[in-house]
Amino acid sequence: MKKIAIGCCLLTLLFLSACGRKIEPGTSPGEAPLIKGLSFQPVSESPLPGTETFVGTVESPDRGVIAARIDGQVTRIAVKEGDRVKAGQLLLVLGDNLAADRLREAEAGLSQAREAEATAEAHLTLAQQTYARYKRLFDQQALTPQEMDQMTADLTMARKGLAAAKAAVARAVSGRDAARVAAAYARVTAPFAGRVVRKQVEVGTTVMPGQPLLAIDRRGGWQVRAEIPESFSGRIVSGEHLAVEVPALGRRLTGTVVEVQPAADPQSRSFQIKIDLPAAQGLVAGLYARVSYSLPGAKAILIPQAAVVERGQLTAVFVRDGKVLHLRLVTLGREVGKRVEVLSGLQSGETIVSTGAERAQNGARVED
């Protein structure tokens, strides 16, 4: 152990000697060179920023899932994934469904109801004419009151029959219209302009009402949906700006939090946030994203990277003591922008060479 310690001391002495000033011929070691034009910076502790990264997914803020409204078999798909569509554009056709049969039945029922209405109108006309003749005979006292009452009842029944026939026609028209709407559901169209992002059925697939067929993203901006640990509840709020990295595009964007889920998922112990992204070329739904959240860190000594000098695998800085420079070995930590963390070797309050360190020499003199 003593031999190792002695070896380390000799290595340090050799390093300091190599980094010291060079003694020119005709000069004595006591004549330290004067170096001008150096910049100095006092050392102090600064907050060391930290970040927490969350996993997110790029998605459309307005995605619509088109579902079947009737049962049937997919006979045609008019679009493919990635296609842009206009509102009302045909997407898919369903065949072999009962909607067409129901429409034919409804139209036949309407035809019968209208025939019954015509018959009721004819009966009413006949009843009115018969009643008029009988009324003249009754006024001439050629009929008994009982016979006149019978004609009055027949006329009333004819009027009610016509009213019932008209009501039946109205019901048949309503049924026919509903059947037409249902039959129109066999032609699935885009409810808005957007891009087809997912096709969930194929030609020949038999579907039931409510089964998803296609997913369409509305045209517009993009957002990232991310899962946040419950420990961050209350720390991230709407309107806050967060850094979002999309590795597939090699882009780093600044997004704005637009929605924070008010409750956490009891199974995952996390809650969701949604972040609006600025316009950027290449963004598509489903891309992987990383959301960074800055954390208040502990204090640490941060110095400019330009102040660090390297000698082999050793790192050092020049410390100013009065008007003399001393080379000081330091241990460095992580890089923070254009600064670097000093883990050991410096103390707050000391002054170092911030620029021009490559011209500095151990033991050299400096001017104010």
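**Exercise 1. Which backbone atom lies 2.9 Å from a polar atom of the side chain of glutamate 81?** Then place glutamate 81 in the fold.

*Solution.* The model is predicted.
- Step 1. The atom is the backbone nitrogen of lysine 199.
- Step 2. Locate glutamate 81. The loop between strand E6 (72-77) and strand E7 (84-85) holds this residue.
- Step 3. Check the sequence gap. Glutamate 81 and lysine 199 are 118 residues apart along the chain, yet their C-alpha atoms are separated by 6.3 Å.
- Step 4. List the contacts, leaving out residues up to four places away in sequence. Glutamate 81 touches Val196, Val197, Arg198 and Lys199.
- Step 5. Classify the exposure. Glutamate 81 has 46% relative accessibility, so it counts as partly exposed. The partly exposed class lies between 20% and 50%.

**Exercise 2. Test the length of helix H3 (residues 145-184) against the expected span, and find what its buried residues pack against.**

*Solution.*
- Step 1. Helix H3 has 40 residues. The expected span is 1.5 Å times one less than the number of residues.
- Step 2. That gives 58 Å; the end C-alpha atoms are 59 Å apart, which agrees.
- Step 3. Pick out the buried positions. Among them are Met148, Met151, Leu155, Ala158 and Leu162. Further along H3, Ala165, Val169, Ala172, Arg176 and Ala179 are also buried.
- Step 4. Recall the helix geometry. An α-helix has 3.6 residues a turn, so residues three or four places apart point the same way.
- Step 5. Name the partner. The buried residues of H3 pack against helix H2 (99-139).

**Exercise 3. Characterise the aromatic pairs and the cluster they form.**

*Solution.*
- Step 1. Count ring pairs with centres within 6.5 Å. There are two aromatic pairs.
- Step 2. Take phenylalanine 54 and phenylalanine 232. Their centres are 5.1 Å apart and the planes meet at 85°, which is edge-to-face.
- Step 3. Map this pair on the chain. Phenylalanine 54 is in strand E4 (residues 50-59), and phenylalanine 232 is in the loop between strand E13 (222-229) and strand E14 (241-246), 178 residues apart. Both residues are buried.
- Step 4. Take phenylalanine 232 and tyrosine 293. This pair is edge-to-face too, at 5.6 Å centre to centre and 85° between the planes.
- Step 5. Tyrosine 293 lies in strand E17 (residues 288-295) and phenylalanine 232 in the E13-E14 loop, so the pair ties together parts 61 residues apart in sequence.
- Step 6. Join the pairs. Phe54, Phe232 and Tyr293 form a cluster.
- Step 7. Add the charge. The charged end of arginine 235 sits over the ring of phenylalanine 232, 4.5 Å from its centre.

Methods: Residues numbered from 1 in each chain as written. Predicted model: local features only at pLDDT ≥ 70, side-chain atom pairs only at ≥ 80, totals over all residues. Heavy atoms only, no water. Helix = DSSP H or I, 4+ residues; strand = E, 2+ residues; numbered from the N terminus. Buried < 20%, exposed > 50% of the residue type's maximum accessible area, 1.4 Å probe, protein only. Contact = heavy atoms within 4.5 Å. Polar contact = N/O pair within 3.5 Å; in protein donor to acceptor, adjacent residues only side chain to side chain. Phe/Tyr/Trp six-rings, centres within 6.5 Å; stacked < 30°, edge-to-face > 60°. Lys NZ or Arg CZ within 6 Å of the ring centre and 35° of its normal.
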